[in-house]
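Student: I have a structure open and would like to practise reading it feature by feature. Could we go through it together?

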Amino acid sequence: MTREDKSGGNTLTTHSWVDRYLEHVLIEKGLSENSLSGYSTDLASLLAFLKDKSFRLEDLTERTLFLYLTHLRARGLQSRSLARHLSSLRGFFAFALDQRWYKEDPGQLLENPKLPRKLPEFLTREEISRILALPDTATPLGMRDRAMLELLYAAGLRVSELTGMRVLDYDAQTGLLRVFGKGSKERLVPIHYTAQEVLGRYLDATRPLLRPSTDFMFLNRSGKGLTRQGVWKMIKAYAAKADIKRSISPHTFRHSFATHLLEGGADLRTVQLLLGHSDITATEIYTHIQAGRLRSIHQQFHPRSSM
């Protein structure tokens with residue numbers, strides 16, 4: 001069976017088991033459209049391979065999976081993409097076992113490839129200050145940009161969390177943001193006084209000038225919700241004006257938020273909760289930044305380091 005991939009118009013091979021699984025993760029787990037599309041593409045790739053080799057999904061074995069992974073490697077799939085691919089397969093196999101489609105997990109012996117540890121890019125406090133000072137708050141769009149930049153840094157938001165935020169997600173009395181993260185998981189994040197003041201000015205005086213046609217917090221010049229691409233372009237433009245040479249994105253503000261909290265003495269568990277990480281291992285990557293910083297300070301100031 002085939003169906004059309006809405007993201008690119010390509011025809012994807014599918015199967016009733018896969019359709020049931022995708023329906024499950026959409027309804028039960030509340031995955032984003034991008035995540036669902038990734039799962040669908042990965043599983044369609046497996047189905048296409050099986051069809052080409054005249055294998056059936058119902059008869060999948062560890063040996064067949066090994067052949068499939070060898071096929072992916074031959075296509076030039078890198079370790080990070082392969083690890084994501086395996087994650088999609090494991091999720092499907094877990095669901096298939098729960099449905100008793102398989103007697104045992106055909107992917108139980110699959111091992112993730114070793115991934116290089118990539119440290120997140122972050123901005124210094126001085127660079128953050130330069131960017132935050134750039135928007136012209138005398139104009140509606142400049143005031144909007146200042147409020148968005150403040151929130152990205154004050155709350156460590158993902159760009160999807162920022163663009164998906166509604167007006168009622170902010171409680172001005174408590175200074176708390178209600179944030180819906182991955183899988184629609186909700187968390188409350190406090191923001192500091194400066195961010196509260198800027199956001200309050202935007203919501204009270206500026207947002208009405210944009211003639212809202214939606215309850216999204218941040219709007220484009222037509223009064224509709226901003227897209228993630230719009231936020232990316234905005235940040236690229238301000239980074240260039242701030243003379244920041246390296247490439248940055250909305251996620252750079254999230255990395256900077258976490259890094260600066262840890263530098264200021266926050267504990268890892270608190271940062272995990274503020275970022276909305278379900279597993280603390282995702283937060284632990286920031287400790288590597290701290291270790292490098294401590295080593296640099298030690299080498300610079302310890303009297304025996306220069307001997």
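Tutor: Happily! Let us begin with strand pairing: two strands pair if DSSP finds at least two bridges between them. Helices (H or I, at least four residues) and strands (E, at least two) are DSSP runs, numbered from the N terminus. Keep in mind that this is a predicted model, where local features need pLDDT of at least 70, side-chain atom pairs count only at pLDDT 80 or more, and totals for chains, interfaces and linings use all residues. Residues are numbered from 1 along each chain as its sequence is written, and side-chain values use heavy atoms, with hydrogens and water left out.

Student: Which residue in β5 is the bridge partner of phenylalanine 180?

Tutor: Glutamate 186 is the β5 partner of phenylalanine 180. Strand β4, residues 176–180, pairs with β5 in the antiparallel sense, over 5 bridges.

Student: How many residues lie between β4 and β5 in the hairpin?

Tutor: There are 5 residues between the two strands, and in that turn glycine 183 has a positive phi of about 65°.

Student: Which residues of β5 are on its covered face, and which on its uncovered one?

Tutor: Arg187 and Val189 make up the covered face of β5 (residues 186–190), while Glu186, Leu188 and Pro190 are on the uncovered face.

Student: Where should I look for a positive phi in a residue other than glycine?

Tutor: Try serine 54, whose phi is near 60°. Serine 54 comes just after α2, in the loop between α2 (33–52) and α3 (62–74). For accessibility, buried means under 20% relative accessible area, exposed over 50%, and partly exposed in between (1.4 Å probe, protein chains only). Serine 54 has a relative accessible area of 68%, so it is exposed.

A second case is aspartate 243, which is not a glycine yet has a positive phi of about 60°. Aspartate 243 sits in the loop between α9 (228–241) and α10 (250–263), and its relative accessible area of 47% makes it partly exposed.

Student: What span should α2 have, and how far apart are its end C-alpha atoms?

Tutor: The expected span of a helix is 1.5 Å times one less than its number of residues. With 20 residues, α2 should span 28 Å, and its end C-alpha atoms are 28 Å apart, so the two agree. As for side-chain direction, an α-helix has 3.6 residues a turn, so residues three or four places apart point the same way. The buried residues of α2 include Leu36, Ser40, Leu43, Leu47 and Leu50.

Student: Is histidine 15 buried or exposed?

Tutor: Histidine 15 is buried, because its relative accessible area is 15%. You will find histidine 15 in the loop between β2 (11–13) and α1 (16–27). Its side chain reaches the backbone nitrogen of tryptophan 17 at 2.9 Å. Contact means heavy atoms within 4.5 Å. Setting aside neighbours within four places in sequence, histidine 15 is in contact with Leu47, Leu57 and Glu58.

Student: Which residues does arginine 20 contact beyond its neighbours within four places in sequence?

Tutor: Those contacts are Phe95, Gln99 and Trp101. Arginine 20 lies in helix α1 and is partly exposed, at 42% relative accessible area. Its C-alpha atom is separated by 9.4 Å from that of phenylalanine 95, although the two residues are 75 apart along the chain.

Student: Where does serine 249 lie?

Tutor: Look in the loop between α9 and α10. Serine 249 counts as buried, at 13% relative accessibility, and beyond neighbours within four places in sequence it contacts Trp232 and Ile235.

Technical notes
Polar contact = N/O pair within 3.5 Å; in protein donor to acceptor, adjacent residues only side chain to side chain.
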